Structures are given as structure tokens and as C-alpha cells.
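Q: I'd like to learn how to read the empty spaces in a protein model. Can we walk through one together?

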Amino acid sequence: MSKFAYLKNTAALAAILLPLAASGTAWAQDAVNLRMTIWSANEAHLALFNEIAAGFTETHPNVSVTFEPLPFENYTTTLTTQIAGGNAPDLAWIFETSAADFVTSNALAPLTDAFGATDGYELDDVTESATALWTREGQLYAYPFSTSPFAVFSNNDLITAAGARTPAELIEAGEWNWDNALATAKAVADAGNEGLVIRDFNYQTWQNLTSFWRGWGADSWSADGKTCTFADQPMIDAMTAFHNAVFVDGSIPGPGENVDFFAGDAAMTVTQISRASLLPQDGFDWDLVPLPEGPAGSYSVVGQAGVGVFANRPNTETAVEFLAYMTNPENSQKLAQFFPPARASLLNTETLSATNPLLTPEQIETVVVNGITNGQVIAGRTNFAQIQQSVRAALDALWVADADVPAVLGNVCTSINPLLMR
């Protein structure tokens, strides 16, 4: 049984988080050891975080900061288990899908006044669209440190060797759409390699398929979060196309196949641009392009992460001060190398080119800037943990060759509609 099984509703999550908000006021310590959970163990990311922490320590010699990577696939599970066990970190990355639960739980320290009082912080530079998920009643409870569009990385060497058209060639011809993207992936798969991988999906983290199904105008539930839309025709069409790509054409690796695009094993991958740090320095010829057009037209999907400080802990005040330092204009520009910023002043090709030497100005403009400007975040909701598990369980029946796609998607709605109506 999942560790999240006990999270039956938002109140259940609050029962875990609220003790953090009632555990007493902070007390003085000679040495302050801050711990921040993250879901990246990438060496380049950690090196940058440690560089920023070292800068903070220069003016706060009694403070140390430790970054604790947790596995991506069960990050929130592990984080909430730590909280329930009385071992909460001082700061934590938070998925956009869990934003509502954390922001409404009163577990996070308010940030607006502290950031506004920090010299040179320029809180007005942080866009309202980026802070919307993390704000309640005008108060910011987590900083949107990464607003990262989903895009397609391509291995042009594998594609060319298979006699297929690269994404760049399809874009030039005005034919960059999901039909042609999957045709290219199939050609590479038929040649003996793998086609297209939706990274971090692995037939478990279904919400990452948002980068695919929104091309059909589909989504998991209505905008108000009260009605399941898995059984609506746009989702049926999208998931039928995905199912055929897996089980008929072989253009997408099937369940149980562990394929790493960045090791040179696949033609393309759909992922966020922060994964560019995984590209091998002396590897294949690669490109980065926007998501293909779908039957519903052009679209962009944004994955967002916030950093929050847990309230009324021994080191809360210092943790808020560190977060203000970590996300000030100077450090936001450094973080922009991997994590697209929420600051309007940094969302331009000139600034982002300086911190993203791997990407061309055209890639930054078409993928990063346009993706952030026009993108919509992955759908989240209160009580997401239980909903996420229910959808995943119901979708298991879809990952077989003879699945009845409409029937399976109907069962998804049967499973989650009672949860959405709470």
C-alpha cells in the first residue's frame, strides 16, 4: 500500500502539516544547520546550490546549508513521511500539483513581508502568473523558483541514420506535429533503437503525459477541479494515439522498458529544459524544439516548482532569510542556467543566453521565453496525493495491448469523481 494511502483528503494532509505551525517559536542557536530537500541529484545543480549557499555563509558564518536529494518518483511521499515523523526539513521544493495542499495547510511561513523588506530583492519583478499557485489571500507562501516549459530534445544522429526527418526539418517544412513526430520516432525504433520517451512518466507519473494530451485539448479535470474529464472525447483521442504509439507502432517504449535519451538510446524525449544539464559534452548531435502541434493546435505546458519554508520551526527565520538570498536578482540569474526564472527582468533572450551557453538564442526565444509566456501549468488540486494514486491505479488497465481505451478512461472518472466533489 502506498505511503500516501492515509491521505484521504486535504484535512488529512493538514493533520500532518499543521503541527509544524504550532510547534513553538524559534529559539537562538549558536550554529544553524539548514536542510533543504530537492529532487535533483544532478552534480551541476548541486554545485550551483552549494555555491549560492557558500555566498550566504560569508555573511552568516554560523549558518550551514545542506541540500538533500530525494528520488523524483516518490519525492512528495518521502517529504510528507519526514514531516509526519517529526523530521521536517527547513526548506523544501514543492511540486505544482501539491501546491494547493501545502499553501492551504498553514504549514509554510509567509514570505511577502520578509522578501519586501530585503534590500534589493525587487519583489515586484516576480510575475503574478508565476506566483499564483503559491499565493493565498495576497500572501506568498512559496517562491516559484522554476517555471520550466516542456520541450523536445532530439538525437539528430539517430534520426538521420534511420532516414527520418529531424524536428528542425519538420519545423522548417511547417510539419512539426504529433503525427510526424511519432513517424520519426517509429523510423528510429524500426532501425533498432528507441523512439520517443516522455521522461519521468514510466507508466506511473501519469501527470507528465499532460505534455502529450494537451495537444488534443485534453486535461485531467475541469478548470474548477470538480469534474473528471478523462472520459471526454479529447482525452480518448489523445490516449488512443498514445496507446497506438506504444502497442501498435512501437514508436514509444512500452511498460518496463528503461530508456535514457541522454545516454544516446532514443530519438527524442519530452522533458523540461532543466534536463539540458544531462546532455553529454562529447555526445550526439542534438536539438531542442517546442512541443509538436496537436489536433487542437499549438500549445505549451509548464512545469513549476516552488520553494517553501516550514513555519515556526527553530530555524524558520534564518531559512526565510536564506530563501530571500537564494532567489534575489543576482542568484535568480545564476539559477536561470537550469531553472527558468519567475522574474520578468530575466525573461529575455539576451539575459538567458548569458547563463545558458548550451542553448542558442533561437532555442531560448522559441522554447524558453515563448513557452513560459504562453504555457499553462500541469493541473494540480487539493488532495492531489490520493487522486494521483487513484488515477494511477485505474490507468494500469490501459497499459496492455488489447486495452479498451474509452472503458478504462471511464473507470478513471468513476474512481476519482467522488474525490473531486469534496
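Q: By class, which residues does the lining of the second largest pocket have?

A: First, the ground rules: this is a predicted model, where local features need pLDDT of at least 70, side-chain atom pairs count only at pLDDT 80 or more, and totals for chains, interfaces and linings use all residues. Residues are numbered from 1 along each chain as its sequence is written, and side-chain values use heavy atoms, with hydrogens and water left out. On a 1 Å grid over the protein atoms alone, a pocket is an open set of points with protein on both sides within 12 Å along at least five of seven lines, a cavity is a set where a 1.4 Å probe fits but cannot get out, and lining residues have an atom within 4 Å of a point. Here the pocket lining has 16 nonpolar, 12 polar and four charged residues; Ala, Val, Leu, Ile, Met, Phe, Trp, Tyr, Cys and Pro count as nonpolar, Asp, Glu, Lys and Arg as charged, and the others, Gly among them, as polar.

Q: How many cavities of 30 Å³ or more does the structure hold?

A: Rolling a water-sized probe over the atoms shows where space is left empty. This structure holds two such cavities. The largest has a volume of about 60 Å³, volume being the space filled by probe spheres set on grid points joined across faces, edges and corners. Its lining has 10 nonpolar, two polar and no charged residues, including I273 and F338.

Q: And what volume has the second largest cavity?

A: About 50 Å³, with Y143 and T327 among its lining residues.
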